[in-house]
Amino acid sequence: MNADKAQILAWIDEERDALLGFFSEFLQAASPNPPGDTRAAVAVMERWLEERGIGYRLVAPQETMPNLVASFEGALPGRHLVLNGHVDVFPAAPAEPGGRDPFSGAIEDGRIYGRGAADMKCGTSAAMITFGLLHRLRDRLKGRLTLTAVSDEETGGRWGTRHLVETMPEEVLGDCCLNGEPSGIETVRFADKGTLRLTFEARTKGGHGAYPHLSPSATKIICALAQELLVLEEIEPELPAAIAEMLARPEVIAATDKSLGEGAAAIVPRVTVNIGVLQGGLKVNVLPDACQMQADIRMPPGMTKERILREIEPILARYPEVSMSEHVYHSYPSSACDPQSEMVGIIQDNVEALQGFRPVPIVSLGGSDARYWRWKGVEAYLYGPSPRTMGQRDEHVTVEEFFHIVRTHALSAYDYLQAS
């Protein structure tokens with residue numbers, strides 16, 4: 001290990017309490033989306049950069065959703081690496097009696113708790129810290145490093161990464177993107193499944209619950225439709241050959257199940273259907289005249305929304321009382337890049353040096369902002385903490401997992417720039 005990398009690791013060890021304190025404070029600054037007001041969390045990042053004399057700017061197409069962008073040039077020409085993370089998190093239910101505040105940032109028994117700990121304030125903190133550490137070495141670095149901490153990932157990126165890529169591509173696309181979304185430390189994610197979000201609404205006359213002969217029930221119609229939509233999960237996948245071959249490898253299957261939970265490898269190449277919202281009915285003895293259902297359909301690489309919609313068309317034709325609409329800003333195709341690229345090798349080398357194993361490239365079950373880079377032909381990779389607790393009460397990551405992500409991102413960013 002060269003002197004610069006040794007210095008990076010020494011700084012992380014010396015400043016352990018301050019770095020963990022930043023992560024905790026970041027978690028305490030609630031930023032659920034919806035509603036999407038991330039200003040308090042962005043202010044935590046601003047103070048951290050200002051204390052270190054690092055310049056930045058805010059790009060806020062929506063006042064309550066500022067995006068933080070910072071960049072610096074190394075002493076020598078080279079490649080442009082972009083660090084990306086999001087500030088917004090899932091909404092959180094109020095704490096149960098005697099339970100932990102969902103935005104506590106509490107550090108207990110080797111874990112740090114709070115909504116967004118896994119998804120993805122751990123990864124975004126790692127990006128911030130990496131940017132700050134390499135900024136100290138800028139007189140010896142090659143290329144350019146850019147930080148993008150965005151505020152609208154959870155609802156599709158319209159005011160976050162998508163806005164940055166569309167309005168300032170020369171500043172934020174770069175040559176490669178490193179993202180700390182939860183992946184599990186045993187894996188590197190090189191591809192995301194696509195998403196199709198649909199709303200179905202049934203309308204009938206309705207009436208008294210004792211008179212079902214006078215009108216169909218909107219809730220019964222929607223429930224029957226929900227069952228029929230499960231046929232989409234039987235569609236045979238049309239994976240690109242290279243991805244199909246990789247997903248069939250025993251080590252990839254094992255790593256996917258270990259990282260994402262037993263059974264994950266089986267659904268990576270398949271369509272999945274989640275009925276996320278059902279709303280209908282006014283009273284138990286009233287025949288519902290309206291019912292709404294929202295479906296979240298995940299599509300593997302090679303599957304298009306057009307194919308899914310063709311399969312839905314004959315099903316929907318059997319339900320004349322139902323209308324369908326698409327969530328335009330949260331429906332998107334899959335994305336993928338090279339699973340054996342230089343950056344993947346760099347991450348694997350650093351994890352092996354730190355932990356003694358090489359993380360395996362896999363496909364994400366969920367989506368991420370990495371897609372915006374991949375769609376533009378720029379390689380983008382996810383390496384972050386375990387996804388097991390994201391969205392749960394008492395969401396958390398371990399303290400050591402947090403520091404492992406910080407070390408891996410900082411060393412990998414350094415290696416990528418110096419190799420240019």
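**View 1. Four strands, 11-13-9-14 in order, make up an open sheet with antiparallel pairing.** This is a predicted model, so keep that in mind for each of the views here. At the edges of the sheet sit strand 11 (272-280) and strand 14 (322-326); each has a single partner strand, so one side of each has no neighbour in the sheet. Direction ignored, neighbouring strands in this sheet are turned by 20 degrees against each other on average.

**View 2. A look at strand 9 (residues 194-203) and its pairing with strand 14, which is antiparallel and runs over five bridges.** If you want landmarks on this pairing, find E201, whose bridge partner in strand 14 is S323. Next to look for is A202, which stands opposite V322 in strand 14. Strand 9 also pairs with strand 13, again antiparallel, and here 10 bridges do the joining. On that pairing, look for L198, with A295 of strand 13 opposite. Strand 9 is mostly covered, too: of its 10 residues, eight are buried.

**View 3. Helices against the four-stranded sheet: helix 11 (residues 305-317) lies across strand 9, strand 13 and strand 14.** Helix 11 runs at about 20 degrees to strand 9. Staying with strand 9, E201 is a handy marker, since its bridge partner is S323 in strand 14. Helix 7 (residues 218-229) packs on the sheet as well, and it touches strand 9, strand 11, strand 13 (290-299) and strand 14. The direction of helix 7 makes about 15 degrees with that of strand 13.

**View 4. Strand 3 (residues 76-86) and its parallel partners, starting with strand 6 (residues 142-150), to which it pairs over eight bridges.** Pick out G85 here: its bridge partner in strand 6 is A149. Strand 7 (residues 176-179) is another parallel partner of strand 3, joined to it by four bridges. For this pairing, go to N84, which has N179 of strand 7 as its bridge partner.

**View 5. Three strands in the order 4-5-18 form an open sheet, and the pairing is antiparallel.** Strand 4 (107-108) and strand 18 (396-398) are the edge strands, each with a single partner, so one side of each is left without a neighbour in the sheet. Strand 4 and strand 5 (residues 111-113) run antiparallel and are joined by two bridges. One place to spot the pairing is E108, whose bridge partner in strand 5 is R111. Two helices lie across this sheet. Helix 2 (residues 16-28) crosses over strand 4, strand 5 and strand 18, at about 25 degrees to strand 5. Helix 14 lies across strand 4, strand 5 and strand 18 too, but runs at about 75 degrees to strand 18.

**View 6. Helix 2 meets helix 14: their axes come within 11 Å and cross at roughly 100 degrees.** Angles of 65 to 115 degrees count as roughly perpendicular, so helix 2 is roughly perpendicular to helix 14. From helix 2, the residues to look for are R16, L19, L20 and F23, which meet V399, E400, F402, F403 and R407 in helix 14. By type, this contact divides into six nonpolar, no polar and three charged residues.

**View 7. Helix 1 (residues 3-14) packs with helix 14 (residues 399-418) at an angle of about 155 degrees, with their axes 10 Å apart.** Over 145 degrees counts as roughly antiparallel, so that is the label for helix 1 and helix 14. The crossing of these helices is right-handed. D4, K5, I8, L9, I12 and D13 come from helix 1, and they meet F403, V406, R407, A410, L411, Y414 and D415 in helix 14. The residues of this contact divide into eight nonpolar, no polar and five charged.

**View 8. A close-up on G114, in the loop between strand 5 and helix 4 (117-136).** Is G114 buried or exposed? Its relative accessibility is 5%, so G114 counts as buried. Leaving out residues up to four places away in sequence, G114 touches L27, P102 and E395. R100 is 14 residues away from G114 along the chain, and the C-alpha atoms of the two are separated by 8.7 Å.

Technical notes: Residues are numbered from 1 along each chain as its sequence is written. This is a predicted model: local features need pLDDT of at least 70, side-chain atom pairs count only at pLDDT 80 or more; totals for chains, interfaces and linings use all residues. Side-chain values use heavy atoms; hydrogens and water are left out. Two strands pair if DSSP finds at least two bridges between them. Axes are lines fitted to C-alpha atoms, for helices over the stretch in contact, and angles run from 0 to 180 degrees between N-to-C directions. Angles under 35 degrees count as roughly parallel, over 145 as roughly antiparallel, 65 to 115 as roughly perpendicular and the rest as oblique. A crossing is left-handed if the near helix is turned anticlockwise from the far one by less than a right angle, and right-handed if clockwise. Contact means heavy atoms within 4.5 Å. Ala, Val, Leu, Ile, Met, Phe, Trp, Tyr, Cys and Pro count as nonpolar, Asp, Glu, Lys and Arg as charged, and the others, Gly among them, as polar. Buried means under 20% relative accessible area, exposed over 50%, partly exposed in between (1.4 Å probe, protein chains only).
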